[in-house]
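Student: Could you walk me through the inside of this model and tell me how each label is earned?

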Amino acid sequence: TLFPYTTLFRSLKKEGLRYIFNQDLYRKSDGALCFKSTTELVVLVNGRLAQSPDYDKAFAPFLKEEEK
């Protein structure tokens, strides 16, 4: 296997212009937790922070109603 791990996204939330992902990385062979991470995503348009309708639409199914 090229990537002997599986990822579980625990949560996705939006704070202002940032999307924040919390995820766990598990080893496929025995299911052991190997890594936890928090990843932040922002969109730059012409070098400036900006809203992204494309990301808003793509992530909408994973956000709680009050975060949309």
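Tutor: Sure. Let's start with a cut-off: buried means under 20% relative accessible area, exposed means over 50%, and partly exposed is in between. Keep in mind that this is a predicted model.

Student: Okay, so why is F21 called buried?

Tutor: F21 has a relative accessible area of 15%, and the limit for buried is under 20%, so F21 is buried. F59 also comes out buried, with a relative accessible area of 15%.

Student: And what about Y55: what makes it partly exposed?

Tutor: Its relative accessible area is 35%. Partly exposed sits between 20% and 50%, so Y55 gets that label.

Student: Which residues make up the largest nonpolar core?

Tutor: There are 5 residues: L12, Y19, F21, F59 and L63. In soluble globular proteins, nonpolar side chains tend to be buried together. Y19 touches several residues beyond four places away in sequence, including L12, F59 and L63.

Student: How many aromatic pairs are there in the whole structure?

Tutor: The search finds 3 aromatic pairs.

Student: Why is the pair of F21 and F59 called edge-to-face?

Tutor: Their ring centres are 5.4 Å apart, and a pair needs centres within 6.5 Å. The planes stand at 80 degrees, and over 60 counts as edge-to-face, so that name fits F21 and F59.

Student: What makes that pair a link between distant parts of the chain?

Tutor: F21 is in strand β2 (residues 18-27), F59 is in helix α1 (residues 53-59), and they are 38 residues apart.

Student: How do you know that Y55 and F59 are a tilted pair?

Tutor: The centres are 5.6 Å apart, with 35 degrees between the planes. Under 30 would be stacked and over 60 edge-to-face, so the rest, this angle included, is tilted. Both residues lie in helix α1, 4 residues apart, about one turn of the helix.

Student: Which residues do the ring pairs link into a cluster?

Tutor: Y19, F21, Y55 and F59.

Student: How many cavities of 30 Å³ or more are there?

Tutor: The count is 1. The largest cavity has a volume of about 40 Å³, and K14, Y19 and D56 are among the residues that line it.

Student: What is its lining like by class?

Tutor: The lining has 4 nonpolar, 2 polar and 2 charged residues.

Notes: Residues are numbered from 1 along each chain as its sequence is written. This is a predicted model: local features need pLDDT of at least 70, side-chain atom pairs count only at pLDDT 80 or more; totals for chains, interfaces and linings use all residues. Side-chain values use heavy atoms; hydrogens and water are left out. A nonpolar core is a set of buried Ala, Val, Leu, Ile, Met, Phe, Trp, Tyr and Cys residues joined through side-chain atoms within 4.5 Å. Buried means under 20% relative accessible area, exposed over 50%, partly exposed in between (1.4 Å probe, protein chains only). Contact means heavy atoms within 4.5 Å. On a 1 Å grid over the protein atoms alone, a cavity is a set of points where a 1.4 Å probe fits but cannot get out, and a pocket is an open set with protein on both sides within 12 Å along at least five of seven lines; lining residues have an atom within 4 Å of a point. Grid points are joined across faces, edges and corners, and a volume is the space filled by probe spheres set on the points. Ala, Val, Leu, Ile, Met, Phe, Trp, Tyr, Cys and Pro count as nonpolar, Asp, Glu, Lys and Arg as charged, and the others, Gly among them, as polar. Rings of Phe, Tyr and Trp (its six-membered ring) pair if their centres lie within 6.5 Å; planes under 30 degrees apart count as stacked, over 60 as edge-to-face and the rest as tilted. Helices (H or I, at least four residues) and strands (E, at least two) are DSSP runs, numbered from the N terminus.
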